[in-house]
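Please work through the following exercises with the sequence and the structure open beside you. Each one sets a task and then gives a solution in steps.

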Amino acid sequence: MYKCLNLILLIFVFVLTPCNNINAQTRLSVDGAGRLYPIAVPQLCLEGIDSEARKSIPEKITRNLDISGYFQVLNSNMYIESPGKCSAQDGFAYSDWSVLGVEGLVKGIVTSAGGGNLRIQMFLHDVQVKKVVLGKEYTADPGQLNKIADKFSNEIMKFFTGIEGIFGSQISYSSKVGRFKELFVANIDGTDVRQLTNDRGLAVSSSWNRNGRELLYTSYKRRIPNIFSFDLNSKRVRQITNDSMLQVGARTTPDGNIVLSRTAGKESDIVTISSSGTVLRNLTKNNGAIDVSPSFSPRGDKIAFVSNRAGSPQVYVMNSDGSGADRISFVNSNYCTSPDWSPQGDLIVFVCRGDRGFQLYTINPNGGNARQLTSRGKNEDPSWSPDGRYIVFSSNFGKSSIYNLAIIRKDGSNMKQISFGRSGDFDPSWGPVPK
Amino acid sequence: MTLIKSATLIKSACRSGFLVLLVSLLFGCSCRTRNVGPGDSNSNISTATSGVYGEDGIQIPELSDIYFNFDSYVLSGTARQQANTAAEWLQANDHINVVLEGHCDERGTAEYNMVLGANRARSVYEHLRSLGVDSSRMSTVSYGEELPLDPGHDESAWSLNRRVHFDIN
């Protein structure tokens, strides 16, 4: 899978109509749930070639658009046009689609590019104005069909919202294996699940580095919890810290170091260390409280974290030098934890415990505008998507003791379950979109 | 079940060494292994053999688990009495080293509970040290909420899981 990242995908931009004249633009707004845009994604047209791309690309795009929370993809059983129809020869009728109430239409043509490669042209049609409004051509080997579907899905998101989508990114998480927890990664639609560690131990609190090539995590490999990194290409594991103190919650800082919580005696502190494990700075020293779960602002000037310095655990924000810590979680709960600072910097997501378990909240970094996103079941461990539009978290979906992963839009709409394991999936972390 | 238990007992007894076995026989305690986790007897055997996590193994009544309130690492009156008993036993058996394992119930947040468990273990450690147990004989580790003794989801399970466990393997 990861070797795909190394393969160069040739992308030619086909400007079929001048992009300035696009009428379909801006029907969707980036914020707010709004109306779901009705769209159809029929099978691709194959010209002089046989390929599973015909079905697999539209199916993957359908899953992606469904997850996005912006589109309503019409069920393919309803389509009037025959599947895989090539529009050039026998003319395709926009009326076959407008009559179904569809406003957007994704079509594509697959031909041979020679040398076993495929040339795949993808188009987005505006059914109402009867025009192609977006076109891309991809050349790739047949093993990269999902990648092409992800790339065109991201183009569709960019076309409608001005911000590229997150398709092709992955989520790391811990999953129960027997009585232990191992590290896993999966695609954001829950497909392609891979177990990374097999320590027969506890591998928890994973997070991604900036380029998406490494995961940081805490492992009890040698009985004592220390920070390790996992290289996703080479599968090599590197031990970063090596001492008897508890180290947990490691994350890459904007300047390429690592921030984590370190406990010595009954003193736990937010500490920065280098990528080789050397302690750089103790940011919360000597307050005799639990300080844990640091999350840097994207600009690197502030850190959100959890502290019980005033009694119960609450979310605080401090300057990156450790000064000026202020509580920001005031939502009528005596237990608020798990802050994650959005990639855009404008929101912090966290959880608070209520009568019926944890719920997700967002808040401005100054503590204003608190908003509860979930109210059903138990919802924990939130992590932002790289575009700041979604949050992945673990949930029991209000019905069982088994936790699985879910994603939700940042306004609390369109919650979707993305993992369905029976042993329990926890503590997801959303990785960057591959270039 | 009995077969598994006795097999595990023999293995862990061998691993723990003759001394521990002798000590426990002298003190007349009933040596038993505990099956951790539901339906997990196979991994129990290999865990006991590999000794990654010291839940199972020989148990000394004087070193029974010490319990805590929710989100607390303060020793209650009962907890103090238990810790006093443990201190006496450890001083009478000064060749035994102990790992203090801090555990939490599932209701908190995993990362926070990691630290909470560490503080629970440290509270017991400090109390034992104040009673004269040599600190070189004790170490602490926290498993947070990750290895519950009781897999249930009610207060009776939670109260059993908020504990410090003495591991003498």
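**Exercise 1: The interface between the chains**

Across the interface of chain B and chain A, 8 residue pairs are in polar contact, with both residues at pLDDT 80 or more; the model is a predicted one.

Task: Describe which elements of chain B supply the side that touches chain A, and state how many salt bridges are counted between the two chains.

Solution. Step 1: Begin with the elements, where α3 (41–50), β2 (98–102), α5 (110–130) and β3 (138–142) of chain B each supply at least two residues of the side that touches chain A. The largest share of that side, 11 residues, comes from α5(B).

Step 2: Turn to the extent of the interface, in which 36 residues of chain B are in contact with 35 residues of chain A. The area buried between the two chains is about 3200 Å², and carbon and sulfur atoms give 54% of this area.

Step 3: Finish with the charged pairs, for which the count between chain B and chain A is 2 salt bridges. A salt bridge is found between the side chains of A:Lys266 and B:Glu126, at 3.5 Å from N to O.

**Exercise 2: Salt bridges and their surroundings**

Task: For the pairs A:Lys416 with A:Asp66, A:Lys136 with A:Glu155 and A:Asp301 with A:Arg299, decide whether each residue is buried, partly exposed or exposed.

Solution. Step 1: The general idea is that side chains of opposite charge can pair when their charged atoms come close. Over all chains, a search of the whole structure finds 20 salt bridges.

Step 2: In the pair of A:Lys416 and A:Asp66, the side chains meet at 3.2 Å, N to O. This pair links distant parts of the chain, since A:Lys416 lies in strand β30 of chain A and A:Asp66 in helix α2 (residues 53–68) of chain A, 350 residues apart. A:Lys416 has a relative accessible area of 22% and is therefore partly exposed, and A:Asp66, at 36%, also counts as partly exposed, given that this class lies between 20% and 50%.

Step 3: For A:Lys136 and A:Glu155, the closest N and O atoms are 3.7 Å apart. Here strand β7 (residues 131–140) of chain A, which holds A:Lys136, is linked with helix α5 (residues 145–161) of chain A, which holds A:Glu155, and the two residues are 19 residues apart. Both A:Lys136 and A:Glu155 are buried.

Step 4: The side chains of A:Asp301 and A:Arg299 form a salt bridge at 3.5 Å, N to O. A:Asp301 is partly exposed at a relative accessible area of 29%, whereas A:Arg299 counts as exposed at 73%. Elsewhere, salt bridges that share partners join A:Lys60, A:Arg63, A:Asp150 and A:Asp189 into one network.

**Exercise 3: A sheet in chain A**

Task: Give the order of the strands in the open sheet that contains β30 of chain A, and name its edge strands.

Solution. Step 1: The sheet has 4 strands in the order β27-β28-β29-β30 (chain A), with antiparallel pairing. Its edge strands, each of which pairs on one side only, are β27 (379–384) and β30 (416–417) of chain A.

Step 2: Strand β29 (residues 404–409) of chain A pairs with β30(A) over 2 bridges, and A:Ala406 has A:Gln417 in β30(A) as its bridge partner.

Step 3: To set this sheet in context, the secondary structure of chain A comes to 5 helices and 31 strands, and 55% of its 435 residues count as buried.

Note on methods:
Residues numbered from 1 in each chain as written. Chains lettered and ligands numbered in written order. Predicted model: local features only at pLDDT ≥ 70, side-chain atom pairs only at ≥ 80, totals over all residues. Heavy atoms only, no water. Pairing = 2+ DSSP bridges. Buried < 20%, exposed > 50% of the residue type's maximum accessible area, 1.4 Å probe, protein only. Salt bridge = Lys/Arg side-chain N within 4 Å of Asp/Glu carboxyl O. Contact = heavy atoms within 4.5 Å. Buried area = accessible area lost by both parts, 1.4 Å probe. Polar contact = N/O pair within 3.5 Å; in protein donor to acceptor, adjacent residues only side chain to side chain.
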